[in-house]
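The following exercises concern the strand pairing, helix placement and pocket of a single protein chain. Each task is followed by a solution that proceeds step by step.

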Amino acid sequence: MNRTYPNPAAVTGPAVIPAPAAVRFRAACSACRGRFELAATALRLAIGATSRTTFYAFTCPECGASVRRPAGERIVELLTGGGVRTLRLHTP
């Protein structure tokens, strides 16, 4: 049996690369105590000059409350690496 294989140089078109699952972050609401997962697009990260002015925020999907939490260095790394939109706060 004689098999023929396509010449790799002759294959055209984009390479198919499997994409990872969408990044999701676990969060909890301090108002209604709900626990849920949020997509990166649902979170906002604000980086200030100090740890007191660095935080992430989101709107609770269950009760609609606006939630704001402090973000340490590790949280900032995870959120920026996961594609969360970031705002840098500048002091005058």
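**Exercise 1: The pocket lining**

In this predicted model, the lining of the largest pocket consists of 7 nonpolar residues, no polar residue and 1 charged residue. Identify the residues that line the largest pocket, and state which elements each supply at least two of them.

*Solution.* Step 1. The lining comprises Phe 25, Arg 26, Ala 27, Leu 43, Tyr 56, Ile 75, Leu 78 and Leu 79. Step 2. Arginine belongs to the charged class, whereas Tyr counts as nonpolar; the division is therefore 7 nonpolar to 1 charged, with no polar member. Step 3. The elements that each contribute at least two lining residues are β1 (24-28) and α1. Step 4. The volume of this pocket is about 170 Å³.

**Exercise 2: The order of the open sheet**

Determine the order of the 4 strands in the open sheet and explain why β5 and β6 each have one side without a neighbour.

*Solution.* Step 1. β3 (residues 44-47) and β6 run parallel and are joined by 4 bridges; within this pair, Leu 45 has Thr 86 as its bridge partner. Step 2. β3 is also joined to β4, in the antiparallel sense, by 3 bridges, and Ala 46 faces Phe 55 of β4. Step 3. β4 and β5 are antiparallel as well, with 5 bridges; here Thr 59 lies opposite Ser 66. Step 4. The resulting order is β5-β4-β3-β6, with mixed pairing. Step 5. β5 (66-70) and β6 (85-88) are the edge strands, and each has a single partner, so one side of each lacks a neighbour in the sheet. Step 6. From one strand to the next, the twist averages 25°.

**Exercise 3: Two hairpins**

For the hairpin of β1 and β2 and that of β4 and β5, state which residue has a positive phi.

*Solution.* Step 1. β1 pairs with β2 (residues 35-39) in the antiparallel sense over 5 bridges, and Arg 24 is opposite Ala 39. Step 2. In this hairpin, 6 residues separate the strands, and Arg 33 in the turn has a positive phi of about 65°. Step 3. In the hairpin of β4 and β5, there are likewise 6 residues between the strands, and the positive phi, near 85°, belongs to Gly 64.

**Exercise 4: The helix on the sheet**

Across which strands does helix α1 lie, and at what angle does the helix run to β3?

*Solution.* Step 1. Helix α1 (residues 73-81) lies across β3, β4 (55-59) and β6. Step 2. The angle between α1 and β3 is about 130°.

Technical notes: Residues numbered from 1 in each chain as written. Predicted model: local features only at pLDDT ≥ 70, side-chain atom pairs only at ≥ 80, totals over all residues. Heavy atoms only, no water. Pairing = 2+ DSSP bridges. Axes fitted to C-alpha atoms, helices over the stretch in contact; angles between N-to-C directions. Contact = heavy atoms within 4.5 Å. 1 Å grid on protein atoms, 1.4 Å probe; cavity = no way out; pocket = protein on both sides within 12 Å on 5 of 7 lines; lining within 4 Å. Points joined across faces, edges and corners; volume = space filled by probe spheres on them.
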